[in-house]
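User: Could you take a close look at one part of this model for me, namely how the helix packing works around the last helix? I'd like the geometry and the residues involved, with the cut-offs spelled out.

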Amino acid sequence: MTTSVDTVIIGGGLAGLYASLLLQRHGAGSHMLLEARDRLGGRILGAGSYDLGPTWFWPAIQPRLGAIVREFGLSIIPQHEAGFMMVERSGTPVRMHGYPSHPESFRLTTGMSGLIDILLARLDPACIKLGRTVTRLHATGRAIEVHARDGEGRASVFQASQVLLAVPPRLAQSRIAFDPPLPSALAMQWRGTPTWMAPHAKYLAVYGSAFWREQDMSGAARSSRGPLAEVHDASTPQGPALFGFVGMPAAARRSAGQDVLMALSRAQLARLFGPLALKPEREFYKDWAQDPDTSTAADCRDGGAHPAAPAVAAETGVWARRLAGIASEWSAAFPGYLAGAIDAADAGVKWLLNCAAPSPNAVPPGAPAQ
């Protein structure tokens, strides 16, 4: 059975959900959002109010995301940076004066998952399908057939005039068969674009008290001993916490195993901040390199830098004016960042509305209006 809609959005992270809201607000016909996971949010993943995925945004230089946070009435907290930071090289960790970020970085009191929750509350649930992995896009006539499978392998087909890809470009190239193939230069760009968060792993420990603050420490640390290369205060109104990025390659993390890495992380936090760090009330670990809905083999070999944005759409051929990328990596201004997801989704929906209009002079997403 084939379901026909005007637009299919592939991916239910921040970009996909925001694009869905924009289409709804514009009254832009019918649409369906397909998400491979059994949850929404994509790389935004919360453990209560704590973030296991992206954490920060910078309202001073990312005003659009800041405006959306205010529009939705979400509370923000500045990243705690008061006090000394710890630096660990080959010997005993030492205190050093910290380097406050500029512009100032902020987090949501709810965690970034609060942004996902509030978007979802504004959307028609009938337009969202979870557990649908898109396997093939087939351009035929004036429509695109979107082939998907659920968790039990059952196939479904959605037919649309246009498709918005709200999954990272490299993941789209790795997972989806394009029939006919995308232009070779475009496909090469998408394959060559690293997926932000994909090579990374985060460890988070929640405590009964912010004992590091009581010792005039910010909770920030840098280490060349590891396993955590970078540590930050992750406290929210839900309770004090520390989190760190695991500074080991993905293959080494896989070999060591989660339990070993969590034990080593606790021991390191105790070296940095004292013995109270050995006994968190709760702890969490997320290795994005082992998440098949985020990472590919190529991502695990990359260094994890924020990518440069690739082209978002084909300029000519069967895919022109019918398919565009709107995940964060396609943002010209903030590729890989949370603000990039908003930026790329906004540009992609404007492009879609322009392409749907009778004018032959469609503006590619991200391009300035004439």
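Analyst: Here's a walk through that packing, with a little context on the chain afterwards.

First, the ground rules: this is a predicted model, where local features need pLDDT of at least 70 and side-chain atom pairs count only at pLDDT 80 or more, while totals for chains, interfaces and linings use all residues. Residues are numbered from 1 along each chain as its sequence is written, and side-chain values use heavy atoms, with hydrogens and water left out.

The chain has 10 helices and 21 strands (DSSP runs numbered from the N terminus: H or I of at least four residues for helices, E of at least two for strands). Helix 10 covers residues 338-356, and helix 1, residues 14-26, packs on it with the axes 8 Å apart and an angle of about 40° (axes are lines fitted to C-alpha atoms over the stretch in contact, and angles run from 0 to 180 degrees between N-to-C directions). That makes helix 1 oblique to helix 10; on this scale under 35 degrees is roughly parallel, over 145 roughly antiparallel, 65 to 115 roughly perpendicular, and the rest oblique. The crossing is right-handed, meaning that the near helix is turned clockwise from the far one by less than a right angle.

Who touches whom? On the helix 1 side you've got Leu14, Ala15, Tyr18, Ala19, Leu22, Leu23 and His26, and they meet Leu338, Ala341, Ile342, Ala345, Asp346, Val349, Leu352 and Leu353 in helix 10 (contact is heavy atoms within 4.5 Å). By class, that's 13 nonpolar, one polar and one charged residues; Ala, Val, Leu, Ile, Met, Phe, Trp, Tyr, Cys and Pro count as nonpolar, Asp, Glu, Lys and Arg as charged, and the others, Gly among them, as polar.

Helix 2 (residues 63-71) also packs against helix 10: their axes come within 8 Å and cross at roughly 90°, so the two are roughly perpendicular. Here Arg64, Leu65 and Ile68 of helix 2 meet Leu338, Ala339 and Ile342 of helix 10, a set with five nonpolar, no polar and one charged residues. Leu338 and Ile342 thus turn up in the contacts with helix 1 and with helix 2.

Zooming out, 71% of the contacts between residues at least 6 apart in sequence join residues at least 24 apart. Buried residues make up 55% of the 370 in the chain (buried means under 20% relative accessible area, exposed over 50%, partly exposed in between, with a 1.4 Å probe and protein chains only). The C-alpha trace spans about 65 × 40 × 35 Å along its principal axes.
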